[in-house]
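Here are a few short exercises, each with a worked solution. Have a look at the structure first, then work through the steps at your own pace.

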Amino acid sequence: MVAAPAKIKSDSTIETLYETAFPGVARFVQKMGGDLEDAKDIFHDALIIFQERQNQPGFHIQQSPTAYLLGVAKHLWLRKHHRQRKLVPLTEAEKEISLPEDFFPNLHTQHLLQFLENAGQKCLALLRAFYYQKTPVKQLAQTLGYATEHSVSVQKYKCLEKVRLSIQQKSLRYEDFHE
C-alpha cells in the first residue's frame with residue numbers, strides 16, 4: 001500500500017518541519033560558506049516550493065518531507081552560489097596565473113600511478129628513474145645498488161610484470177588508460 005503524500009496542513013506541521021529539516025539545511029549552508037540568515041532564506045524558499053508543489057496534482061515524495069526540503073534547499077543554495085561565483089571579477093594578477101594542462105592528474109594517470117605504487121617503492125623508484133628521468137641503466141645500477149646492468153634490466157622487467165599482473169587482476173584493459 002502506497003502512503004498518501006504528506007501535506008503541510010497546520011502550524012504544528014510547519015513547526016515540525018522546522019525542527020527536523022532546518023538544522024540540516026543550516027549545516028549545509030554553513031559548510032558551503034553561508035550564514036544563519038542565508039540558511040533561513042534558503043529554507044523559507046524551499047518551504048514555499050514544497051507547499052506549492054503539494055497543491056499540484058500527482059505530486060508525491062518518495063522519502064520524507066524533511067528529506068525533500070533538504071534536497072530543494074541544497075539545490076537552491078548551489079544555484080545561488082554558482083551564479084554568484086560567475087559574477088566575481090578576476091584581478092589582472094589572477095588572470096596572468098596559468099597552470100600547465102597536466103597540473104592535475106587525470107583519471108587515467110591516477111589509475112596508473114596507483115598501480116605503480118602498489119608494485120612497491122623500489123619498483124616505483126626504478127621505473128620513475130628509467131622512464132621519466134631517462135637515467136641510463138649503468139647509472140641506475142650504481143645509484144640503486146644493483147650488481148650489474150643486467151640486474152637492473154631484470155628488476156625493471158619484474159616491476160613491469162607486477163604492474164601488468166595487477167592490471168589484469170582488476171580486469172582493466174589498455175583502453176582504460178588511453179583515450
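**Exercise 1. Work out whether Phe130 and Tyr131 are buried or exposed, and how their rings are arranged.**

Step 1: Phe130 has a relative accessible area of 23%, so Phe130 is partly exposed (buried is under 20%, exposed over 50%, partly exposed in between, with a 1.4 Å probe and protein chains only).
Step 2: Tyr131, at 36%, is partly exposed as well.
Step 3: The two rings form an edge-to-face pair, with 4.8 Å from centre to centre and 85° between the planes. Rings of Phe, Tyr and Trp (its six-membered ring) pair if their centres lie within 6.5 Å; planes under 30 degrees apart are stacked, over 60 edge-to-face, and the rest tilted.

A word on the ground rules: this is a predicted model, in which local features need pLDDT of at least 70 and side-chain atom pairs count only at pLDDT 80 or more, while totals for chains, interfaces and linings use all residues. Residues are numbered from 1 along each chain as its sequence is written, and side-chain values use heavy atoms, leaving out hydrogens and water.

**Exercise 2. Count the aromatic pairs and describe that of Tyr18 and Phe43.**

Step 1: The ring rule gives five aromatic pairs.
Step 2: For Tyr18 and Phe43, the ring centres are 4.9 Å apart and the planes lie at 55°, so this pair is tilted.
Step 3: Tyr18 belongs to helix α1 (residues 11–31) and Phe43 to helix α2 (residues 36–54), so the pair ties together parts 25 residues apart in sequence. Helices here are DSSP runs (H or I, at least four residues), numbered from the N terminus.
Step 4: Phe43 is buried at 0% relative accessibility, whereas Tyr18 is partly exposed at 31%.
Step 5: Ring pairs link Tyr18, Phe22 and Phe43 into a cluster.

**Exercise 3. Describe how α7 and α8 meet.**

Step 1: The axes of α7 (residues 137–144) and α8 (residues 149–169) come within 8 Å and cross at roughly 90°.
Step 2: That crossing makes α7 roughly perpendicular to α8 (the class covers 65 to 115 degrees).
Step 3: Val137, Lys138, Leu140 and Ala141 of α7 make the contact with Glu149, Val152 and Ser153 of α8 (heavy atoms within 4.5 Å).

**Exercise 4. Place Ser151 and find its side-chain partner.**

Step 1: Ser151 sits in helix α8 and is partly exposed at 26% relative accessibility.
Step 2: Its side chain makes a polar contact with the side chain of Thr148 at 3.0 Å (a pair of N or O atoms within 3.5 Å, one able to donate a hydrogen and the other to accept it).

Conventions: Axes fitted to C-alpha atoms, helices over the stretch in contact; angles between N-to-C directions. Helix = DSSP H or I, 4+ residues; strand = E, 2+ residues; numbered from the N terminus. Parallel < 35°, antiparallel > 145°, perpendicular 65-115°, else oblique.
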